[in-house]
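Colleague: Before we discuss this chain, could you put the model on the screen, so that we can go through its interior and its strands together?

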Amino acid sequence: MTRLGERTINSDAILYFPRGLVGLEDKREFTLLPVREGDSPFLLLQCITDPGLGLLVADPYSFIDDYDVKIENPDRKVLKVENIRQLAILVTVTIPPDRPEDTTLNLQGPIVINTETKIGLQIPQTEAGYPTHFRPIGS
């Protein structure tokens, strides 16, 4: 059961986060689910072990072209990166109840996933000066 209803998750769709996520360090196994059919930039990062926990995430490049995520060598080793094309970058999304026009993206805490090894890390971008509440819509 997920926030989107009953789902069957294939084991090859499970993403492993060795450090968990910021504030959720004990949650390690997630999967990505489409929020709706079609070409939406939004996905649900659904926790496998806690069905009530799902984070709305999005492809930041759908909203901002020049977003640059720095990944240091220790993180590259954890992710087992051999080629930059293996990586998917996602950011968490906040949509206030009844105020979709105030949707924000957290550009300071991107989630980086190696799509081949299925390993993910949240890699804070503290030096880059990115906001935690970037408003892509109507800003």
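Colleague: In which loop does Pro-110 lie?

Modeller: One caution first is that this is a predicted model. With that said, Pro-110 is found in the loop between strand E6 (104-105) and E7.

Colleague: Is Pro-110 buried or exposed, and what is its relative accessibility?

Modeller: Not counting residues up to four places away in sequence, Pro-110 touches Tyr-67, Val-69, Ile-89, Leu-90, Val-91, Leu-121, Gln-122, Ile-123 and Gln-125. The cut-off for buried is under 20% relative accessible area. Pro-110 counts as buried because its relative accessibility is 0%.

Colleague: What distance separates the C-alpha atoms of Pro-110 and Pro-60?

Modeller: Along the chain Pro-110 and Pro-60 are 50 residues apart. In space, their C-alpha atoms are separated by 8.9 Å.

Colleague: Which residue stands opposite Val-112 in the pairing of E5 and E7?

Modeller: E5 and E7 pair in the antiparallel sense, over 4 bridges. Within strand E7 (residues 111-114), Ile-111 and Ile-113 point one way while Val-112 and Asn-114 point the other way, and all are buried. The residue that stands opposite Val-112 is Ile-89.

Colleague: And on the E8 side, what is the bridge partner of Ile-113?

Modeller: E7 also pairs with E8, again in the antiparallel sense and over 4 bridges. The hairpin of E7 and E8 has 4 residues between the strands, and in this hairpin Lys-118 takes a positive phi near 65°. The bridge partner of Ile-113 in E8 is Gly-120.

Colleague: Which strand gives the most residues to the largest nonpolar core?

Modeller: In soluble globular proteins, nonpolar side chains tend to be buried together. The largest nonpolar core here has 18 residues, of which Tyr-67, Val-69, Ile-71, Leu-79, Leu-107, Val-112 and Ile-123 touch the most other members. Strand E5 (87-94) and E8 each supply at least two residues of this core. The strand that gives the most, with 4 residues, is E5.

Colleague: Which residues does Ile-71 touch, leaving aside those up to four places away in sequence?

Modeller: Ile-71 is one of the residues that touch the most other members of the largest core. With residues up to four places away in sequence not counted, Ile-71 touches Arg-76, Leu-79, Leu-87, Val-112 and Ile-123.

Colleague: How many residues are in the other core, which lies apart from the largest one?

Modeller: Among the members of this other core are Phe-17, Leu-21, Leu-45 and Val-57. The core to which these residues belong has 11 residues.

Colleague: How many aromatic pairs are there, and what is the angle between the planes of Phe-17 and Phe-30?

Modeller: The count comes to 4 aromatic pairs. Phe-17 and Phe-30 form one that is edge-to-face, with the centres 5.3 Å apart. Phe-17 lies in the loop between E1 and E2 and Phe-30 in strand E2, so the pair ties together parts that are 13 residues apart in sequence. Both residues are buried, and the angle between their planes is 80°.

Colleague: How many residues apart in sequence are the parts that Tyr-67 and Tyr-130 tie together?

Modeller: Tyr-67 and Tyr-130 form an edge-to-face pair at 4.8 Å centre to centre, with 65° between the planes. Tyr-67 is buried, with a relative accessible area of 4%, and Tyr-130 also counts as buried, at 16%. Tyr-67 lies in the loop between strand E4 (54-58) and helix H1 (73-79) and Tyr-130 in the segment after strand E8 (119-122), so the parts tied together are 63 residues apart in sequence.

Colleague: Which residue's backbone oxygen lies 3.0 Å from a polar atom of the Gln-46 side chain?

Modeller: Gln-46 belongs to strand E3 (residues 42-47). Gln-46 is buried, with a relative accessible area of 2%. The backbone oxygen at 3.0 Å from its side chain is that of Leu-53.

Colleague: Is Lys-27 buried or exposed, and at what relative accessibility?

Modeller: Lys-27 is placed in the loop between strand E1 (15-16) and strand E2 (29-34). Its contacts beyond four places in sequence are Phe-17, Gly-20, Leu-21, Cys-47, Thr-49, Asp-50 and Leu-53. Lys-27 counts as buried, at a relative accessibility of 17%.

Definitions and conventions:
Residues numbered from 1 in each chain as written. Predicted model: local features only at pLDDT ≥ 70, side-chain atom pairs only at ≥ 80, totals over all residues. Heavy atoms only, no water. Buried < 20%, exposed > 50% of the residue type's maximum accessible area, 1.4 Å probe, protein only. Contact = heavy atoms within 4.5 Å. Phe/Tyr/Trp six-rings, centres within 6.5 Å; stacked < 30°, edge-to-face > 60°. Core = buried A, V, L, I, M, F, W, Y, C linked by side-chain atoms within 4.5 Å. Polar contact = N/O pair within 3.5 Å; in protein donor to acceptor, adjacent residues only side chain to side chain. Pairing = 2+ DSSP bridges.
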